[in-house]
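Open your viewer, find the selection tool and get comfortable. We will go from stop to stop, picking residues and looking at what is around them.

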Amino acid sequence: MFSRRTFLSALAATAAAPHAIQAQTGEAFDPTPQEVRIKKLYVPGQLLVLPRSFYLYLVTEERKAIRYGVGVGKAGLEFTGTAVIQVKKEWPTWRPTQEMIERSPREYAKFVDNDYVQPGGPGNPLGARALYLFQNGVDTYFRIHGTTQPSTIGHAVSNGCIRMLNEHVVDLYNRVPIGTVVTVL
């Protein structure tokens, strides 16, 4: 007979299964860039971001990609869809969006009721490089960028942007041209 207790035990075991499978295969999250195999349908030069696994893939040739670990947007703030890198900047300036300021006025107090823009440099939240995502020629205000918070890589903590370690975003920046298609699933 299938009791409520048996059902709840089975449900708990099922919920834990993905973690157990991950532990058994030895596939822990690793942000280090590495060459991996990828499905044939992605074309060389394309960027693919899988937020649930915290990886960004640069397709280098058919069925091959360089995989980078990333941080992604918090629930409800994440970007999904397809965009194009239309602007690239080294040590970009930064100002939070009005929505960010409204959500966290204390955190962004120095930006309230003014036009202050934080200069680029090692203390800037966008880090060493930024790739600006556009759709139909319009800025989405989402970026692929470096970070001053390396511990956030592998987590969903940003206001929607894709974060990378600074040394990794510099590598990616040097590999992708303006016009690169970015798909975030």
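Here is a tour of this chain, one selection at a time.

**Before you start**

You are looking at a predicted model, in which local features need pLDDT of at least 70 and side-chain atom pairs count only at pLDDT 80 or more, while totals for chains, interfaces and linings use all residues. Residues are numbered from 1 along each chain as its sequence is written, and side-chain values use heavy atoms, with hydrogens and water left out.

**Stop 1: the whole chain**

Switch to a cartoon view. The chain has 3 helices and 11 strands; here helices (H or I, at least four residues) and strands (E, at least two) are DSSP runs, numbered from the N terminus. Follow the chain from the N terminus and you meet its elements in the order α-β-β-β-β-β-β-α-β-β-β-β-α-β.

Now colour by accessibility if your viewer can do that. Of the 185 residues in the chain, 39% are buried. Buried means under 20% relative accessible area, exposed means over 50%, and partly exposed is in between (1.4 Å probe, protein chains only). The areas themselves come from the Shrake-Rupley method.

**Stop 2: a positive patch**

Select Arg37, Lys40, Arg63 and Lys64, and show the surface. These residues gather in a patch of positive charge. Patch members have over 30% relative accessible area and no salt bridge, and like charges are joined within 9 Å. Lys and Arg count as positive and Asp and Glu as negative, while His and the chain ends are not counted. The place of a charge is taken as NZ of Lys, CZ of Arg, CG of Asp or CD of Glu. One of the four, Lys40, sits in the loop between strand S1 (34-37) and strand S2 (47-50).

**Stop 3: aromatic rings**

Show the side chains of Phe, Tyr and Trp. The whole structure holds 7 aromatic pairs. Rings pair if their centres lie within 6.5 Å, using the six-membered ring of Trp; planes under 30 degrees apart count as stacked, over 60 as edge-to-face and the rest as tilted.

How do Trp94 and Phe111 pair: stacked or edge-to-face? Their pair is edge-to-face, with 5.3 Å centre to centre and 80 degrees between the planes. The two residues are 17 apart and link distant parts of the chain: Trp94 is in the loop between strand S6 (81-90) and helix H2 (98-103), and Phe111 is in the loop between H2 and strand S7 (129-135). Both of these residues are buried.

Next, select Phe29, Phe54, Tyr55 and Tyr57, which ring pairs link into a cluster. Stay on Phe54, in the loop between S2 and strand S3 (55-61). Phe54 counts as buried because its relative accessibility is 19%. Its phi is positive, about 65 degrees, although Phe54 is not a glycine. Most residues other than glycine have a negative phi.

**Stop 4: salt bridges**

How many salt bridges are there? The count comes to 3, where a salt bridge is a side-chain nitrogen of Lys or Arg within 4 Å of a carboxyl oxygen of Asp or Glu.

- Select Glu90 and Arg129: their closest N and O atoms are 3.9 Å apart. Glu90 in strand S6 and Arg129 in strand S7 are 39 residues apart, so this pair links distant parts of the chain, and Arg129 is buried at 13% relative accessible area.
- Select Arg143 and Asp139: the closest N and O atoms of this salt bridge are 2.7 Å apart. Arg143 is buried at 10% relative accessibility, whereas Asp139 is partly exposed at 22%.
- Select Arg175 and Asp171: here the closest N and O atoms are 2.9 Å apart. Both lie in helix H3 (residues 166-175), 4 residues apart, about one turn of the helix.

**Stop 5: strand S8**

Zoom in on Tyr141, in strand S8 (residues 138-145). Is Tyr141 buried or exposed? Tyr141 is exposed, with a relative accessible area of 54%, and has a positive phi near 70 degrees.

Move along to His145, also in strand S8. His145 is buried, with a relative accessible area of 5%. Its C-alpha is 9.9 Å from that of Glu90, although the two are 55 residues apart in sequence.

**Last stop: Thr82 and Leu185**

Finish with Thr82 in strand S6, which is partly exposed at 42% relative accessibility. The C-alpha atoms of Thr82 and Leu185 are separated by 8.5 Å, with their positions 103 residues apart along the chain.

Methods. Patch = residues over 30% accessible without salt bridge, like charges linked within 9 Å, V, L, I, M, F, W, Y side chains within 5 Å. Areas by Shrake-Rupley, 256 points an atom, 1.4 Å probe, with all protein chains shown as cover.
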